[in-house]
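Biologist: I should like to examine how the descriptive terms for this protein are justified. May we set each one against its definition?

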Amino acid sequence: MNPILSFAALAGFCLCAALARADAPPGAETRPQTLSAHGDARVDPYAWLRDDSRSRPEVLAHLQAENRYADTLLAGQQPLRDTLLAEMRARGAGGEASLPYTENGWEYRERYPEGAQQPVYERRPAAGGEWRMVLDAAERAKGKRYYRLGGWQLSPDGRYLAVAEDVRGDGAQRLALRDLASGQWLPVAEGGTGTDMVWSADGRALWYVAADPDTDTYRPSRVYRHALDGKKDALVFEEKDEGYTVSLSASASRRYALIAVAGSDSSEAWLLDAQDPAAPAKRFAARRPGREYYLDHYRGAFYLRANPDPAGFGLYRSAASGGEWRTLIAPTANREVESFLLLKRHLIVKERGDGLSRVRAIAWRGGASRTLALPDPSYRVWFDRNPDPDSGRLRYRYSSLTTPTSTWEWNLSNGETRALWQPKLAGYRAADYRSERLWIRARDGERVPVSLVYRRDKLAKGGNPLLLYGYGAYGMSMDAAFSAPRVSLLDRGFVFAIAHVRGGGELGRRWHEAGRLANKQNSFNDFVDAARELARRGYARPDQLYAMGGSAGGLLIGAALNQAPGLFRGAVAQVPFVDALSSMQDPSLPLTVGEYGEWGNPADADAYRRLRGYSPVDNVGAGPYPHLLVTAGLNDRQVPYWEPAKWVARLRERQWPGQLLALITEMEAGHRGQSGRVSRLAANAREYAFLLTLSGWREP
């Protein structure tokens, strides 16, 4: 996969790249490599673009040539980009602090100083007083080309701060501790760790998740215990099966650190005693194929979100490790448990049915149930931090396509709700916009939900450009949530829609099953059929359809462009997973083995055939493709940069005069793009300027 070049070939390539005109498509050199499996031979002319070291001069030269070409190609859009960025920054100018929460005698908050790229985290005594700095992310980011705070945890006594920091963009975290009494920073682990951390009850030990140091897969597979006494970190748990990953959380009771070991269709949990950090991990219940369970502990009992029933996930209770599971909430064909929260007087459960989440509070005493009223036709709702289980109130976050993400409080005694914090967005009035939730019929008769939003005074039946977004993988739900940058698109007449295609989790476990493995084609059909139906219903001009998706959603976009030529005028593919067959054939890549349950293992002839049939790189057709903006991250370990680079190289072979085809590789970033807040807004502005220009928009 990584041919070694002669010095002469390398020098010749670099010279050509250096002399290439920035306004001419770069055109990667073809070096055909034949790949054979199951009696099938396919040719990869751009395999040489893969460089695991991310340092080969010829590869970097090609990516930089693509970046220069993109700069030239999109230069005329710069004034519009500047206008959009200024709007986005003014809409939420910064300087506003998040709603504080109280834990262990302290109040905590997050704040973005005016115009800052990174936040600061502050605290003060719960009784009141001056806010004091806990963590200045901007200070930690100084001198680094990339910085993203992955997570942070304070010791129970509030003295020590543990932080996980990504300083390369590849997702591998560097772990550090800060003694808040002295201000001194103490490095713990320099790389390969995850973001999950849990303190022991006495605050003298910290458990954290790490990857196997002997492989390059970045698979979170180990749990270490770091002691403040300076002893060497101790390995306390290791998962050797490459199909499983490890995560870590604290139980609601704070009695345990919970190790979750999860594969594609099975899981198990292990317990670490927070009161006895030196005690070995204890398994709760052994994994078995087809059964997943996710554990919590409170008031002397264990609670499990699990799927022993074929209908999907329910909620269960067990008195002890290895004990019988008693059903609290059984799943049904139309409803299953999505998550839960354990409070002193109430069980809070988030259930998913008919494509939407709903929140119920069930009294432990008497079993009375109350459902949280939510106002919009489609939305996203989730639990906020609720560190005090005795409060009798639930903090939750709420967002919809027209409602900015805000924090609310639900009084569990009388059912009343009140807004605790709502962002201040300059110039935005929710009443000017309308959101809808539709059901469309896919070609096989399945009903597929679609959420959409538009500005009321801009909708002209059959006359609007429409941007359709999709994901459809891993059972993840793409619920309808607010985006402040998106307002700039809506204000210029775009309709924005989300197709909740099969493969996601919007309609529960069955929806995921209906869009993975042998059923993956359903995801692509749903997306294409949703686009056509939205145009038929007058939400878009048929020649003004645009598509957007990232990561596995980029696979969705790539397959849709191959299978429905001419449907979309333009598309934005963000770090797209488009070389699916080659990646799934390579178990050395970080996510391959663990994702056989999602895409299939190409060692199996049927799985190979299916992947071969839809992998975007392998199915680029002869017809003209739409205008495309494609992004990649050089340090991306989830979707390596060479996937979008190879895809664009194949598309360049068919690039037609006037087609905008741009590949932008962030040379200091990874899967999540730029790390700074303003940089992320700039990326939004670039994508929206691209789409608006294609739609014919001109600033007044």
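Biologist: What makes strand β12 and strand β13 a pair, and in which sense do they pair?

Modeller: Two strands pair if DSSP finds at least two bridges between them. Strand β12 (residues 220-227) and strand β13 (residues 234-238) have four bridges, in the antiparallel sense. One of the partnerships is that of Arg222 with Glu238 in β13. The hairpin of β12 and β13 has six residues between the strands, and Gly230 takes a positive phi near 90 degrees there.

Biologist: On what kind of model does this rest, and how are residues numbered?

Modeller: The model is predicted, with local features needing pLDDT of at least 70 and side-chain atom pairs counting only at pLDDT 80 or more, while totals for chains, interfaces and linings use all residues. Residues are numbered from 1 along each chain as its sequence is written, and side-chain values use heavy atoms, with hydrogens and water left out. Helices (H or I, at least four residues) and strands (E, at least two) are DSSP runs, numbered from the N terminus.

Biologist: Why are β14 and β17 called edges of their sheet?

Modeller: The open sheet has four strands in the order β14-β15-β16-β17, with antiparallel pairing. Each of β14 (245-250) and β17 (282-285) has a single partner strand, so one side of each lacks a neighbour in the sheet. For β14, the partner is strand β15 (residues 256-262), joined to β14 by six bridges; Leu248 has Ile259 in β15 as its bridge partner.

Biologist: Why is the pair of Phe284 and Phe302 called tilted?

Modeller: Rings of Phe, Tyr and Trp (its six-membered ring) pair if their centres lie within 6.5 Å; planes under 30 degrees apart count as stacked, over 60 as edge-to-face and the rest as tilted. The structure holds 22 aromatic pairs. In the pair of Phe284 and Phe302 the centres are 5.0 Å apart and the planes stand at 55 degrees, so the pair is tilted. Phe284 lies in strand β17 and Phe302 in strand β19 (residues 301-309), so the pair ties together parts 18 residues apart in sequence.

Biologist: At what angle do the axes of helix α3 and helix α13 cross, and what is the arrangement called?

Modeller: Axes are lines fitted to C-alpha atoms, for helices over the stretch in contact, and angles run from 0 to 180 degrees between N-to-C directions. The axes of α3 (residues 78-91) and α13 (residues 677-695) come within 8 Å and cross at roughly 130 degrees. That makes α3 oblique to α13, since angles under 35 degrees count as roughly parallel, over 145 as roughly antiparallel, 65 to 115 as roughly perpendicular and the rest as oblique.
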